[in-house]
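Colleague: Hi! I have a model open and a few quick questions about it. Where should we start?

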Amino acid sequence: MTIADIRRDYQKNALHEDTVKADPLDQFQLWFNEALTAEVIEPTAMTLGTVKDGQPSSRIVLLKGFDARGLVFFTNYLSRKGKALAEQPFASALFFWPELERQVRFEGRVEQVAQSESDTYFHSRPLASRIGAWASPQSQPITREALDARAQRLADELGDNPPRPEHWGGYRLIPHYIEFWQGRPSRLHDRIAYELQPNGAWSYQRLAP
């Protein structure tokens, strides 16, 4: 078998215009709940795409909240993605739930969340993760030994209730485009795309696979 021979025919579900929610965030809530029920591995994992100096890059981050305003994730503001978002405050996010043969795509503007929101989430994290946010100069070259030493030193210095580092916090992706993809047989997949209109309402249509 060659790589070109690897394929899977999707047959589990369908997606129809007459049954989707009028608001794509409501539709996402429905699919997200079904992903939780199906015990999808890492249902909050999303591929975040950014652009810096005209060069796209992507990585997996974890969704930590969503509502009508958009998707929230947290990271180091001085990381590669943080610098990219400072230069170009736009991003894409992709969820892939293979157990349900589904994808959801988001595209939109990104802004930092309020400091109070970052503080609340930071202090909800396990202590080791809070120390890790201090210890990691994210995206910078480092040895494993140096990283472990920094983490131990900062754990000793900061104690059991470290404050949130100023260089670490949340972003909100405010979508203007959301697309739902349902795998179907013979690669004739269902795609329903929503676009935000100037009046603040969402419109949607089917796209060819």
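**Chat about the model**

Colleague: What separates the end C-alpha atoms of residues 168-209, and how much of the span is helix or strand?

Modeller: Those end C-alpha atoms are 39 Å apart, and the span is 64% strand and 0% helix. Helices (H or I, at least four residues) and strands (E, at least two) are DSSP runs, numbered from the N terminus. This is a predicted model, with local features needing pLDDT of at least 70 and side-chain atom pairs pLDDT 80 or more, while totals for chains, interfaces and linings use all residues. Numbering starts from 1 along each chain as its sequence is written, and side-chain values use heavy atoms, without hydrogens or water.

Colleague: What does UniProt list for residues 168-209?

Modeller: An unreviewed entry gives "domain: Pyridoxine 5'-phosphate oxidase dimerisation C-terminal". Such annotations may be inferred rather than shown by experiment.

Colleague: And the whole chain, how many helices and strands?

Modeller: There are five helices and nine strands, in the order α-β-β-β-β-α-β-β-α-α-α-β-β-β from the N terminus. The C-alpha trace spans about 60 × 50 × 40 Å along its principal axes. Of the 209 residues, 38% count as buried, meaning under 20% relative accessible area, with exposed over 50% and partly exposed in between (1.4 Å probe, protein chains only). Among contacts (heavy atoms within 4.5 Å) with a separation of 6 or more, 65% join residues 24 or more positions apart.

Colleague: On to H4. Which of its residues are buried?

Modeller: Arg130, Ile131, Ala133 and Ala135. The buried residues of H4 pack against helix H3 (115-124), helix H5 (144-158) and S7.

Colleague: An arginine in there! Which side chain of opposite charge is nearest to Arg130?

Modeller: Asp160, but at 7.8 Å, and buried Arg130 has no salt bridge. That would take a side-chain nitrogen of Lys or Arg within 4 Å of a carboxyl oxygen of Asp or Glu; Lys and Arg count as positive, Asp and Glu as negative, and His and chain ends are left out.

Colleague: What does the side chain of Arg130 reach, then?

Modeller: The backbone oxygen of Arg125, at 3.0 Å. Beyond four places in sequence, Arg130 is in contact with residues including Phe122, His123, Asn161 and Pro162.

Colleague: Switching to Arg172: why does that one count as buried?

Modeller: Arg172 counts as buried because its relative accessibility is 5%. Arg172 sits in strand S7 (residues 168-182), and its side chain makes a polar contact with the Glu117 side chain at 3.1 Å. Beyond four places in sequence, Arg172 also touches residues including Arg69, Gly70, Leu71 and Val72.

Colleague: Last topic. Where does UniProt place the "binding site" feature?

Modeller: In an unreviewed entry, at Arg7, Arg8, Asp9, Tyr10, Lys64, Tyr121, Arg125, Ser129, Arg187, Leu188 and His189. These residues spread over 183 residues of sequence and, in space, up to 43.1 Å between C-alpha atoms.

Colleague: Is Arg8 buried or partly exposed?

Modeller: Partly exposed, because its relative accessibility is 45%. Arg8 lies in the segment before helix H1 (24-37). Leaving out residues up to four places away in sequence, Arg8 touches Glu101 and Arg187.

Colleague: And where is His189?

Modeller: In the loop between S7 and strand S8 (190-196). His189 is buried, at 10% relative accessible area. A polar atom of its side chain lies 3.1 Å from the backbone nitrogen of Arg184. Other contacts of His189 beyond four places in sequence include Tyr10, Trp181 and Pro209.

Conventions. A polar contact is a pair of N or O atoms within 3.5 Å; within protein, one must be able to donate a hydrogen and the other to accept it, and residues adjacent in sequence count only if both atoms are side-chain atoms.
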